[in-house]
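Take a moment to look at the sequence and the 3D structure together, and keep both open as you read. We will go from single residues to strands, cores and a pocket.

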Amino acid sequence: MTIKIGGEAGMGVESGGAGLTKALSRGGLYVFALQDYMSRIRGGHNFFQIRVSTQELFTHSDDVHLLIAFTKDCIERHKHEVVKGGAILYDESLGYDAGSLKELGLLPCPIPLVKLATEIGGHRIMANTCALGATAGLTGYDFERIKDIIETNFQKKGEEVIAK
């Protein structure tokens, strides 16, 4: 399976992708990650693509099975890379037309990521972490693996941040 995470610089695309890659790898799966990013100064669209398998991998694949999109632009840029029957997870507040995705044979997964992040975590930047939890739910992957990475990555920020 290939998972692509995309959005603007500063939205947690790289940290979310790196964290998910670690969680999958620590779960005994083989991963091949590919990162693309624009200038950190000027910003712009970024993506992090992860191919994951129970068998050894040597390259990435162009076919995307799950697109985690933090912006409408990301959906527009990458929806045609998603295989028929694949899913696009995005924040429902983007107001993206789910019908247009269904017409392409895709499964739209609008989730209130920002709302969850602000209500539970206190800040919208945590929407990327909510997206990782949603990814675990959609794929049936053990959330405890993702939780372990969150705890490791945010250990320096303290228990309160980890709990959120």
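Start with H78 in this predicted model. If we set aside its neighbours within four places in sequence, H78 is in contact with K4, H45, F47 and L67. You can find H78 in helix α2, which covers residues 72-78. Is H78 buried or exposed? With a relative accessible area of 6%, H78 is buried, because the cut-off for that word is under 20%.

One of those contacts deserves a closer look. The side chain of H78 makes a polar contact with the side chain of H45, at 2.8 Å. H45 sits in strand β3, and at 6% relative accessibility H45 counts as buried. So here a helix residue and a strand residue are joined by their side chains, and each of them is buried.

K4 is another residue that H78 touches, and K4 belongs to strand β1. Lysine may not be the residue you would look for in the interior, yet K4 counts as buried at 3% relative accessibility. Which residues surround K4? Apart from neighbours within four places in sequence, K4 is in contact with F47, F48, Q49, V64, L66, L67, I68, H78 and E81. With E81 there is also a polar contact, of 2.5 Å, between the two side chains. K4 also shows how a folded chain brings distant parts of a sequence together: K4 and V82 are 78 residues apart along the chain, while their C-alpha atoms are separated by 9.2 Å.

Now follow strand β3 itself, residues 45-53. This strand is mostly covered, with 7 of its 9 residues buried. Which strands pair with β3? One is β1, residues 2-8, which pairs with β3 in the antiparallel sense over 7 bridges. Another is β2, residues 30-36, which also runs antiparallel to β3 and is joined to it by 7 bridges. To trace these pairings on screen, look for G7, whose bridge partner in β3 is N46, and then for D36, whose bridge partner in β3 is F47. When you look at strands, remember that in a regular strand the side chains alternate between the two faces of the sheet.

Next, turn to the nonpolar residues. In soluble globular proteins, nonpolar side chains tend to be buried together. Here the largest nonpolar core has 27 residues, and I5, L20, I68, L89 and I146 touch the most other members. The elements giving two or more residues to this core are β1, α1 (13-26), β3, β4 (64-69), β5 (82-91), α4 (113-121), α5 (127-139) and α6 (143-153). Of these, α5 gives the most, with 5 residues. For a single example, pick I146: leaving aside neighbours within four places in sequence, I146 is in contact with L20, A23, L132, A136 and Y141. There is also a second, separate core of 12 residues, which includes A69, I75, L94 and L106.

From cores we move to open space. How much space lies in the largest pocket? It is about 640 Å³. The lining of this pocket is made of 31 residues, and M126, N128, T129, I150 and F154 lie nearest its centre. Helices α1, α4, α5, α6 and α7 (159-163) are the elements that give two or more residues to the lining.

Finally, visit three residues that are not buried. I125 is in the loop between α4 and α5, and at 39% relative accessibility I125 counts as partly exposed. Beyond its neighbours within four places in sequence, I125 is in contact with G10 and M11. I125 and E103 are 22 residues apart in sequence, and 31 Å apart in space from C-alpha to C-alpha. S25, in helix α1, is partly exposed at 38% relative accessibility. S25 and R145 are 120 residues apart in sequence, but 9.4 Å apart in space, C-alpha to C-alpha. E56, in the loop between β3 and β4, is exposed, with 52% relative accessibility, because exposed means over 50%. The C-alpha atoms of E56 and E151 are separated by 28 Å, and these two residues are 95 residues apart along the chain.

Technical notes. Residues numbered from 1 in each chain as written. Predicted model: local features only at pLDDT ≥ 70, side-chain atom pairs only at ≥ 80, totals over all residues. Heavy atoms only, no water. Buried < 20%, exposed > 50% of the residue type's maximum accessible area, 1.4 Å probe, protein only. Helix = DSSP H or I, 4+ residues; strand = E, 2+ residues; numbered from the N terminus. Pairing = 2+ DSSP bridges. Polar contact = N/O pair within 3.5 Å; in protein donor to acceptor, adjacent residues only side chain to side chain. Contact = heavy atoms within 4.5 Å. Core = buried A, V, L, I, M, F, W, Y, C linked by side-chain atoms within 4.5 Å. 1 Å grid on protein atoms, 1.4 Å probe; cavity = no way out; pocket = protein on both sides within 12 Å on 5 of 7 lines; lining within 4 Å. Points joined across faces, edges and corners; volume = space filled by probe spheres on them.
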